[in-house]
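The following paragraphs lead the reader through the strands of this structure and their pairing. Please keep the sequence and the model in view while reading.

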Amino acid sequence: MARLYEESVRDIVNRPGEMREREIEIVVPDRFGEALAWIPEGEKLSLDVRLESVHEGILVSVTARSTMHAECGRCLRDFTAPFEVEFQELFAYTPTEADEYGVHGDHVDLEPPLRDAVVLALPFQPVCRPDCPGLDPESGEPRDTEAVMATNVDIDPRWAALADFKAVESLGSGVPESESN
C-alpha cells in the first residue's frame, strides 16, 4: 500500500531548479477521516502534484480532490459533497528532528502529509445545507424548513405588547386604532 503514494524523484534529486508536474488518480485503499466526515475506502482521489528540487530537498505541492461523505451534524442525514485540499511540504535530503519528512533513496512518500492535510481539512461539524433546520427537539425527527417557519412560537406575555405594536405598524397608520377614533 505504501507504494501507492510513493513518487519517484530520481530525475530531479540534487538538481536545484528542476521541476516536474503530474496528475495522479488513486483509489483510496483506507478510509481518511473519522467522526462525521470522511473519504471512504474505494473513493477516487485526484492529485495534482508538483515536485521541485531545491538545495535542501524536494518541495512538493499537492492539490487533492475527491468526494467527501458525511453525516449532517444537525439532521443526521448522510450526504456527499465535493472536497478539495492543498498542501506543500519539504522532503529534506538529510532530515533532522525539525524536518518531518525526508527523501528516501529515489522517492518521496506522499501518504503521511496527504493524510494529515485531508483529515485536518474535513469539517468537524458538516451540514447538508447551510439552512438545515436539524431535528425536532421533541420528536427527534428531521424538521422541514417550511415547518420550522410555520410553527407558532409561544410569545412570552411580557413581549406581547410589542407584537401588537408590530401588527399595528404593518397596517400602515402607526397609530393604534383606539387612539385614532
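Glu71 in β5 has Asp78 as its bridge partner in β6. Strands, numbered from the N terminus, are DSSP runs of E with at least two residues, and helices are runs of H or I with at least four; two strands are said to pair if DSSP finds at least two bridges between them. The model is predicted, and local features therefore need pLDDT of at least 70 and side-chain atom pairs pLDDT 80 or more, whereas totals for chains, interfaces and linings use all residues. Residues are numbered from 1 along each chain as its sequence is written, and side-chain values use heavy atoms, with hydrogens and water left out.

β5 and β6 run antiparallel and are joined by 15 bridges. Their hairpin has 6 residues between the strands, and within it Leu76 takes a positive phi near 70°. β6 is also joined to strand β7 (residues 101–102), in this case in parallel and through 2 bridges; here Ala92 is partnered with Gly102 of β7.

β5 also pairs with β4, in the antiparallel sense, over 8 bridges. These two strands form a hairpin with 3 residues between them, and one of the bridges links Val49 to Val62 in β5. β4 is further joined to strand β2 (residues 19–27) by 9 bridges, again antiparallel, with Leu47 of β4 as the bridge partner of Ile24.

In a regular strand the side chains alternate between the two faces of the sheet. Strand β4 (residues 44–53) shows such an alternation: Leu45, Leu47, Val49, Leu51 and Ser53 point to one face and are buried, that is, under 20% relative accessible area with a 1.4 Å probe and protein chains only, where over 50% is exposed and values in between are partly exposed. Lys44, Ser46, Asp48, Arg50 and Glu52 point to the other face and are not buried.

Strand β5 (residues 57–71) includes Thr63, which counts as buried because its relative accessible area is 15%. Thr63 touches Ser46, Leu47, Asp48, Glu84, Val85 and Glu86, residues up to four places away in sequence not being counted; contact means heavy atoms within 4.5 Å.

The largest nonpolar core has 36 residues, and Leu47, Val60, Met68 and Leu114 have the most contacts inside it. Elements giving two or more residues to this core are β2, β4, β5, β6 (78–92) and α1 (111–121). Such a core is a set of buried Ala, Val, Leu, Ile, Met, Phe, Trp, Tyr and Cys residues joined through side-chain atoms within 4.5 Å. Beyond its neighbours within four places in sequence, Met68 is in contact with residues including Trp38, Phe79, Phe83 and Leu122.
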